[in-house]
Amino acid sequence: MDGRNKSGHDDASCIRLMLRRLLYDAKIRDAIYQIALVMGLVALSVWFVRNASQNLVNAGIASGFDFLWRTSGIDVPFVLTNYTAQSRIIDLMWVGVVNTLLVTIIAIIGATLLGFVIGLVRLSPHWLAARVAGAYIEVVRNIPLLFFILFWYFGVIAALPAPRQSISVFGVAFINNRGLTIPVPIDGFAFRAAAVITVAALVLAWIAARAARAERDRSGKTSFGWLAPALALGAPLLAFVVATLISTWDVPVLRGFNYRGGFVLIPEFAAVLAALITYTAAFVAEIVRGGVEAVPAGQSEAASALGLTTAQRLRLVIIPQALRVMTPPMTSQYLNVLKNSSFGAAIAFPELVSVFMGSALNNTGQAIEIIAITLALYLAIGLAVSAFMNWYNARIRLVTR
């Protein structure tokens, strides 16, 4: 054996030739680069973790997540859960999550409704209304969100009258510079039952709508098309009216220098909510304008030729088609509302960043764990919003061959 193969090359030459071919193979070269990148990122992460752990040891701070079960000892002025200062830090975190979700959901609904109105008004043939809507959009889009929060907090809500001169709403709710005081039911059983009835009615409405659509596709007409809207709107409305009438209410009463009883929507909540709605509505309005203008003009002309009114053209022809264009950018705006709710920390609204990354972090010093949990929570909520909007977008998109 002289170390040569059938082609006349020795083994060493064959190995070198194979290595050269591997290095010049694009797929193998890309794989090598990606493996090197992953190894570099892992090494960098290990270095960061070891460095942070050593710094925590030097500072006398224990790592881990045991601090979540300690007593928080932190008072929160706006609580929708059973949290008290004697509760655990994980309960404090949940307070921040609930407050963040509350202000985000209401702000998304309010910004969507206001943005739709402003966007349609901007397309109005009325010269003055269209210019006013356009001016609002351009002004708001070029001002930082923090300005809006400070404006609503210090410029609007702080200028409201003191509790003794409160603005009364039908004698049961009162608006002043300490917030909006509203009556609350002493026993919430009737409203919990109404909420369950609402969920059941929505499920039945969905089933009825699918059945009505199937009958219409099969026979060209439906005998119970009214059932779905009646269940979706009538049943919840009736359930909550009955719950309102049979419940015993804790109505706020002025005693001394402030109102006692009821529930107070604090000024910080109102300021953050108003700022998010008015700010995001400008961006939503532009999305609505773009979506409507993306619908071919022939669609509107055909609808007019059929004798549809302006409202019917919008509801039945233009908006359904515009939604297919509007949904993807609208998803980004909804995610922005979620992230922008963290600006509430600027005026001490007790949302997730304020109560968890602020108060809890200062009390425990567990910076890495708290920041990691906060990031994970925002990521989870954001992915849930994206998943829902992507599902909705898949349902309304135009299916073509």
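**Exercise 1. Find which residues make the nonpolar surface patch of about 630 Å², then place Val 241.**

Step 1. Leu 237, Leu 238, Val 241, Val 242, Leu 245 and Ile 246 make up this patch. To join a patch, a residue needs over 30% relative accessible area and no salt bridge; like charges are joined within 9 Å, and nonpolar side chains (Val, Leu, Ile, Met, Phe, Trp, Tyr) within 5 Å. Areas come from the Shrake-Rupley method with a 1.4 Å probe, and for residues only the protein chains shown count as cover. A salt bridge here is a side-chain nitrogen of Lys or Arg within 4 Å of a carboxyl oxygen of Asp or Glu.

Step 2. Now look for Val 241: it sits in helix H7 (residues 227-246). Helices (H or I, at least four residues) and strands (E, at least two) are DSSP runs, numbered from the N terminus.

Step 3. Val 241 counts as partly exposed because its relative accessibility is 39%; buried is under 20%, exposed over 50%, and partly exposed in between (1.4 Å probe, protein chains only).

A quick note on the model: it's predicted, so local features need pLDDT of at least 70 and side-chain atom pairs count only at pLDDT 80 or more, while totals for chains, interfaces and linings use all residues. Residues are numbered from 1 along each chain as its sequence is written, and side-chain values use heavy atoms, with hydrogens and water left out.

**Exercise 2. Work out the order of the 4 strands in the open sheet.**

Step 1. Start with E1 and E2, which run antiparallel and are joined by 3 bridges. Two strands pair if DSSP finds at least two bridges between them. Val 169 has Ala 173 in E2 as its bridge partner.

Step 2. Move on to E2 (residues 173-176) and E3 (residues 179-182), antiparallel with 3 bridges. They form a hairpin with 2 residues between them, and Asn 176 stands opposite Gly 179 in E3.

Step 3. E3 also has 3 bridges to strand E8 (residues 263-265), again antiparallel. Here Ile 182 faces Phe 263 in E8.

Step 4. Put it together: the order is E1-E2-E3-E8. E1 and E8 are at the edges with a single partner strand each, so one side of each has no neighbour in the sheet.

**Exercise 3. Describe the backbone and surroundings of Phe 170.**

Step 1. Check phi: for Phe 170 it is near 60 degrees, a positive value in a residue other than glycine.

Step 2. Locate Phe 170 in the loop between strand E1 (167-169) and E2.

Step 3. Phe 170 counts as exposed because its relative accessibility is 81%.
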